[in-house]
Amino acid sequence: MNISRHSVFSFKNFLVFYLLLRILMKEKPDILFNYGFKSIVSGTIVGKICKINKIVSLIPGMGNIFGKESLGYRLLRYVVTLFYKLVLPMNHFVFCLNNES
């Protein structure tokens with residue numbers, strides 16, 4: 001699936017969410033592995049809806065949103081932190097790839 005990396009809320013992302021929901025409901029996997037912010041958020045929510053036994057996420061790092069102080073980056077940092085606080089507790093395991101983030 002091709003998830004847009006540049007837009008936070010777009011029709012394409014909602015379509016990907018729906019397609020992921022359909023695939024996971026059909027396949028019924030035992031484990032779901034998520035990588036990257038949008039995949040972690042949407043995959044965890046869809047995984048919970050589909051009652052997947054184990055949800056595992058890998059956070060590749062925080063990138064530059066935590067290193068810049070412009071208004072746009074502060075707002076994005078707030079949104080990313082909020083979503084992570086909501087979905088990471090739903091994961092069975094969370095791995096962080098970059099220990100400096």
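These legends walk through several close-up views of a predicted model.

**Figure 1. The whole protein, with 3 helices and 3 strands.** Welcome to the overview, a good place to get your bearings. Following the sequence, you meet the elements in the order α-β-α-β-α-β. Of the 101 residues here, 31% count as buried. Among contacts with a separation of 6 or more, 58% join residues 24 or more positions apart. The protein exposes about 7100 Å², and carbon and sulfur atoms supply 64% of that area.

**Figure 2. Helix α2 and its neighbours.** Let us look along the helix that spans residues 37-49. The 13 residues of α2 should span 18 Å at 1.5 Å a residue, and its end C-alpha atoms are 19 Å apart, which agrees. Which residues of α2 are buried? They are Lys 38, Ile 40, Val 41, Ser 42, Gly 43, Thr 44, Val 46 and Gly 47. The buried residues of α2 pack against the helices α1 and α3, and also against the strands β1 (31-35) and β2 (54-59). Just after α2, look for Lys 51, which takes a positive phi of about 55°.

**Figure 3. An aromatic cluster of Phe 37, Phe 83 and Tyr 84.** The count of aromatic pairs in the structure comes to 3. One of these is formed by Phe 37 and Tyr 84, an edge-to-face pair with 5.3 Å centre to centre and 85° between the planes. Phe 37 lies in helix α2 and Tyr 84 in helix α3 (residues 71-87), so this pair ties together parts that are 47 residues apart in sequence. Phe 37 is partly exposed, at 24% relative accessibility, whereas Tyr 84 is buried, with a relative accessible area of 8%.

**Figure 4. A stacked pair, Phe 93 and Phe 95.** Here the two rings sit 6.5 Å apart, centre to centre, with 20° between their planes. Are these side chains buried or partly exposed? Phe 93 counts as partly exposed at 46% relative accessibility, and Phe 95 counts as partly exposed at 43%.

**Figure 5. The salt bridge between Glu 69 and Arg 77.** Side chains of opposite charge can pair when their charged atoms come close. The structure holds 1 salt bridge, and in this view you can find its two partners, Glu 69 and Arg 77, with 3.4 Å from N to O. Glu 69 is exposed, at 51% relative accessibility. Arg 77, on the other hand, is buried, with a relative accessible area of 14%.

**Figure 6. Asn 91 and the residues around it.** Asn 91 has its place in the loop between α3 and β3 (93-96). Is Asn 91 buried or exposed? Asn 91 has a relative accessible area of 9%, under the 20% cut-off, so it counts as buried. Leaving aside residues up to four places away in sequence, Asn 91 touches Asn 34, Thr 44, Ile 55, Val 56 and Ser 57. Of these contacts, you may recognise Thr 44 as one of the buried residues of α2.

**Figure 7. A nonpolar patch on the surface.** Our last stop takes in Phe 11, Leu 15, Tyr 18 and Leu 19, which make a patch of about 420 Å². To place one of them, Leu 19 is found in helix α1 (residues 11-27). Leu 19 counts as partly exposed, at 34% relative accessibility.

Note on methods: Residues are numbered from 1 along each chain as its sequence is written. This is a predicted model: local features need pLDDT of at least 70, side-chain atom pairs count only at pLDDT 80 or more; totals for chains, interfaces and linings use all residues. Side-chain values use heavy atoms; hydrogens and water are left out. A salt bridge is a side-chain nitrogen of Lys or Arg within 4 Å of a carboxyl oxygen of Asp or Glu. Buried means under 20% relative accessible area, exposed over 50%, partly exposed in between (1.4 Å probe, protein chains only). Rings of Phe, Tyr and Trp (its six-membered ring) pair if their centres lie within 6.5 Å; planes under 30 degrees apart count as stacked, over 60 as edge-to-face and the rest as tilted. Helices (H or I, at least four residues) and strands (E, at least two) are DSSP runs, numbered from the N terminus. Contact means heavy atoms within 4.5 Å. Patches are made of residues with over 30% relative accessible area and no salt bridge: like charges are joined within 9 Å, nonpolar side chains (Val, Leu, Ile, Met, Phe, Trp, Tyr) within 5 Å. Accessible areas come from the Shrake-Rupley method with a 1.4 Å probe; for residues, only the protein chains shown count as cover. The expected span of a helix is 1.5 Å times one less than its number of residues.
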